[in-house]
Amino acid sequence: MNFFKDVFLSLLCLLGSNALPYDNEYGPDYGNEWIMFIDDKGMNHTMDFSTLPTDDRGIMFGDAYFYLYTRQNNESEILNIPDDDSPIISKNFNSSNELKVIAHGWYSGSNAEWVQNFKDIILRTEDANVIIVDWSELADNPIYPWSACSTRYVGKRTAKLLDKFSQANQLNYVHLIGHSLGAHVMGYTGMFTNVTVDRITGIKQ
């Protein structure tokens, strides 16, 4: 049991891109029994993993949603993944421009201030296509491991979105950007998509 606990805790440390560095002032148990995280809103959260979940209580169910922004549309265009083999058709996407995909992190959502500001800065700087991945239904969970486990699913959904999108649109330079657990989402997206990904950026607060 100790071996599996050590492996689990090691994985949590790898997943915890927002973890505060070890400091003796927190006591000898910090980093072993508990750790502190900062979410996208700058709020501190204490995660106690001295006892690990033994069942699926606390797991949250939801999905990922995708919103396209360009200089041509001030309001977001909702992108839905078809259940059949149909491609995704967009009235605002410009295949001549680069595609930036942004994923928020743990305890956050697509309306987080930094996400919207980042999108606005990109569009002011260049004529680009920006897709924001909203997986807040899964990320807004106080039990961090469940949100972490959801990143693979969200990454697969985002990969499917890109694959469907590429059937009707030529994708010119794809840049995936994720904060906190959103970086893991983007990593899985790059792993599962058939589209060529030119760059992946992970952001730490």
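**Exercise 1. Decide whether Lys 100 is buried or exposed, then place its salt bridge.**

Step 1. Lys 100 has a relative accessible area of 8%, so Lys 100 is buried. The classes are: buried, under 20% relative accessible area; exposed, over 50%; partly exposed, in between (1.4 Å probe, protein chains only).

Step 2. This is a predicted model, in which local features need pLDDT of at least 70 and side-chain atom pairs count only at pLDDT 80 or more, while totals for chains, interfaces and linings use all residues. Residues are numbered from 1 along each chain as its sequence is written, and side-chain values use heavy atoms, with hydrogens and water left out.

Step 3. Lys 100 forms a salt bridge with Glu 126, with 3.6 Å between the closest N and O atoms. A salt bridge here is a side-chain nitrogen of Lys or Arg within 4 Å of a carboxyl oxygen of Asp or Glu.

Step 4. Lys 100 belongs to strand β5 and Glu 126 to the loop between α2 and β6 (129-134), so the pair ties together parts that are 26 residues apart in sequence. Helices (H or I, at least four residues) and strands (E, at least two) are DSSP runs, numbered from the N terminus.

Step 5. Glu 126, at 27% relative accessibility, counts as partly exposed.

**Exercise 2. Find which parts the salt bridge of Asp 63 ties together.**

Step 1. The partner of Asp 63 is Arg 157, and their closest N and O atoms are 3.7 Å apart.

Step 2. Asp 63 lies in the loop between β2 (44-48) and β3 (65-70), and Arg 157 in helix α4, so the bridge ties together parts that are 94 residues apart in sequence.

Step 3. With a relative accessible area of 21%, Asp 63 is partly exposed.

**Exercise 3. Describe the surroundings of Lys 119.**

Step 1. Lys 119 counts as buried, at 7% relative accessibility.

Step 2. Lys 119 forms a salt bridge with Asp 120, the closest N and O atoms being 2.9 Å apart. Asp 120 is partly exposed, at a relative accessible area of 29%.

Step 3. The charged end of Lys 119 also sits over the ring of Tyr 69, 4.2 Å from its centre. The rule asks for NZ of Lys or CZ of Arg within 6 Å of the ring centre and within 35 degrees of the ring normal.

Step 4. Tyr 69 is also in contact with Gln 116, a residue of helix α2 (residues 113-125). Contact means heavy atoms within 4.5 Å.

**Exercise 4. Classify the pair Phe 93 and Phe 165.**

Step 1. A pair of aromatic rings is described by the distance of the centres and the angle of the planes. Rings of Phe, Tyr and Trp (its six-membered ring) pair if their centres lie within 6.5 Å; planes under 30 degrees apart count as stacked, over 60 as edge-to-face and the rest as tilted.

Step 2. The count of aromatic pairs comes to four. For Phe 93 and Phe 165, the centres are 4.7 Å apart and the planes at 85 degrees, so this pair is edge-to-face.

Step 3. Phe 93 is in the loop between β4 and β5 and Phe 165 in helix α4 (residues 144-168), so the pair ties together parts that are 72 residues apart in sequence.

Step 4. Both Phe 93 and Phe 165 are buried.

Terms used
Lists of a residue's contacts leave out its neighbours within four places in sequence.
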